[in-house]
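Here are my notes on the model you sent, set out as numbered points. They begin with the ligand, move through the core and the strands, and end with the backbone.

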Amino acid sequence: MKKQALSLVLAGLMAASLAGCGSSSSNTSTTSTSTTASTAATTTAATTAASTTTAAATTAASTAAEAESTTEAEVTTASTTAEAASEEATTEAKTTEATTEAKTTEAKTTEAVSEEAESEEVGSEEVESEEGSEAETFDLSASKYLSDGVLTVGLNATFPPFEYVGDGKDDFTAITANESNATGFDVAMMNEIGKRLGVDVEIEDMDFDGIIPALGTKIDVAATGMTITDERKEAVNFSDPYYDATQSVLVAADSKIANEDDLKAADAIGVQAGTTGETVAREINDSAVVSVKSFNQAVADLVNGKNDAVILDEVPAEAFEKNYEGKLKVLDGSDFNFDVEEYGIAMPKDDEVLLDAINSALADMKADGTYDELLEQYISNYQAE
Ligand code: ARG
């Protein structure tokens, strides 16, 4: 059936081309329902070819129409495919565009980042060149702890010359956090940082081992000669290091203690609870460790003979030695193989703005000479008040 229809159509097509040559009315036939020119031509051709028999013509026409509809369907399919293909191509093009766009965005981002890095560089250069100038104003609105305009600093003020009250010969009690008129290097450093950040500074004096737990609730930061350790870093963020330190051994002026073996044989080694000095003492002679809340207390117990030694940071040890005028002596930490430690300002982990602000202000005051002035004033020229 298909073969026959096809040959009829072919015949019709040949006739149509013949008819097309000589007749202007070849396309006037109305037998076809098809709207395409080719169908009309085929129908006309079929009509012409079968002009002797109306029936034959009708058959041819309808067969042609049938054939045409097949072709049309095919064409439709083809065009759909073509369309689809072109759509695909478009989509592909769009995808390429999108990819290109993404790449451009990426490129822009990279540009932005490197621009930022550049401007940061420029910023620090400016700071370095503008000696003694005030720091830029920080936007602290995104800081969880500084957006209220107050920087609450926790410390334990029994650690001269970093933070202390008086000459360290009294105030032996455990301290529950309270507002303090403590003075010292850390206090001066934090006041300077607060000034640069445009916030008020409030000091809270508290037990050393209560400071890290109080971060984020009672206090915003801790500036208290706190050594940066891996263990503490799990709980808090530390600023960039601001002071190098080492543990040392403070003994009575007439003590025979001179090295680690002597400490192993000691009966009572005073330490402040929660300090690196306590860790070191426990490694040397755990059973002799007498852990108290206040360095003032540990040192007073040394002076009155209850302790054989106190392990504490070297600079504070020298400050106590000075305050107790001839009654104490500081043993060189190198005789005990103590590690070098670094102090950092501790703060809660959930405030990157706070960390950046503190580090910027710190870098700024180091760059413009203020930091060295404070070292000179509070550490080199330490004098108990
Ligand atoms: N650097 C030592 C530490 O981090 C002792 C710090 C004690 N500070 C104080 N203000 N009492 O453990």
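1. In what follows, a residue is taken to be near a molecule if its C-beta atom, placed from the backbone, lies within 6 Å of it. Please keep in mind throughout that this is a predicted model. On that criterion 15 residues surround the ligand, and the closest are Asn156, Phe159, Thr224, Thr227 and Thr275. By character, the shell around the ligand divides into 5 nonpolar, 8 polar and 2 charged residues. Domain 2 (150-242 + 344-380) and domain 3 (243-341) each supply at least three residues to this shell.

2. As for the overall make-up, the secondary structure of the protein comes to 12 helices and 14 strands, and of its 385 residues 38% count as buried. Among the contacts in the protein with a separation of 6 or more, 71% are accounted for by residues 24 or more positions apart.

3. Where does the largest nonpolar core lie with respect to domain 2 and domain 3? The core has 71 residues, of which Val221, Ala222, Leu250, Val310, Ile311, Ala346 and Ile358 touch the most other members. Helix 4 (residues 185-197) provides the largest share of this core, with 7 residues. Because domain 2 (150-242 + 344-380) and domain 3 (243-341) both give residues to the core, it lies between them. As general background, nonpolar side chains tend to be buried together in soluble globular proteins.

4. Ile311, one of the core residues named above, deserves its own entry. Once its neighbours within four places in sequence are left aside, Ile311 is in contact with Gln247, Val249, Ile269, Val271, Gly277, Val280 and Ala281. Of these contacts, Gly277, Val280 and Ala281 recur in helix 8 (residues 276-285), where they are buried along with Thr276 and Glu278. The buried residues of helix 8 pack against strand 8 (243-252), strand 9 (269-272), strand 10 (289-292), strand 11 and strand 13 (340-343).

5. Is Asp313 buried or exposed? This residue lies in strand 11 (residues 309-313), and it counts as buried because it has 26 C-beta neighbours inside 10 Å, where 20 or more are required. Beyond its neighbours within four places in sequence, Asp313 is in contact with Gly225, Ala245, Gln247, Ser248 and Gly277. Asp313 and Thr246 are 67 residues apart in sequence, yet their C-alpha atoms are 5.7 Å apart in space.

6. Strand 8 can be followed through its pairings. Strand 8 and strand 13 run antiparallel and are joined by 4 bridges, with Tyr243 having Tyr343 in strand 13 as its bridge partner. Strand 8 also pairs with strand 11 in the antiparallel sense, over 4 bridges, and here Ser248 stands opposite Leu312 of strand 11. A further 4 bridges join strand 8 to strand 12 (residues 328-331), again with the two running antiparallel, and Leu250 stands opposite Val330 in strand 12.

7. Helix 9 (residues 295-303) is mostly covered, since 7 of its 9 residues are buried. The buried residues in helix 9 are Phe295, Asn296, Gln297, Ala298, Val299, Ala300 and Leu302. Helix 9 is followed by Gly305, whose phi is positive, near 85°.

8. Some backbone geometry may merit a check on your side. The peptide bond from Pro160 to Pro161 is cis, with omega near 5°, and Pro161 is found in the loop between strand 2 (158-159) and strand 3 (163-164).

9. Which residues other than glycine have a positive phi? One is Glu325, with a phi of about 30°, placed in the loop between helix 10 (314-323) and strand 12. Another is Asn337, with a phi near 55°, found in the loop between strand 12 and strand 13. Glu325 is exposed because 8 other C-beta atoms lie within 10 Å, where the limit for an exposed residue is 12 or fewer. Asn337 likewise counts as exposed, with 8 C-beta neighbours inside 10 Å.

Note on methods
Residues numbered from 1 in each chain as written. Predicted model: local features only at pLDDT ≥ 70, side-chain atom pairs only at ≥ 80, totals over all residues. Nonpolar A, V, L, I, M, F, W, Y, C, P; charged D, E, K, R; others polar. Domains from an automatic or database assignment. Contact = placed C-beta atoms within 7 Å. Core = buried A, V, L, I, M, F, W, Y, C linked by C-beta atoms within 7 Å. Pairing = 2+ DSSP bridges.
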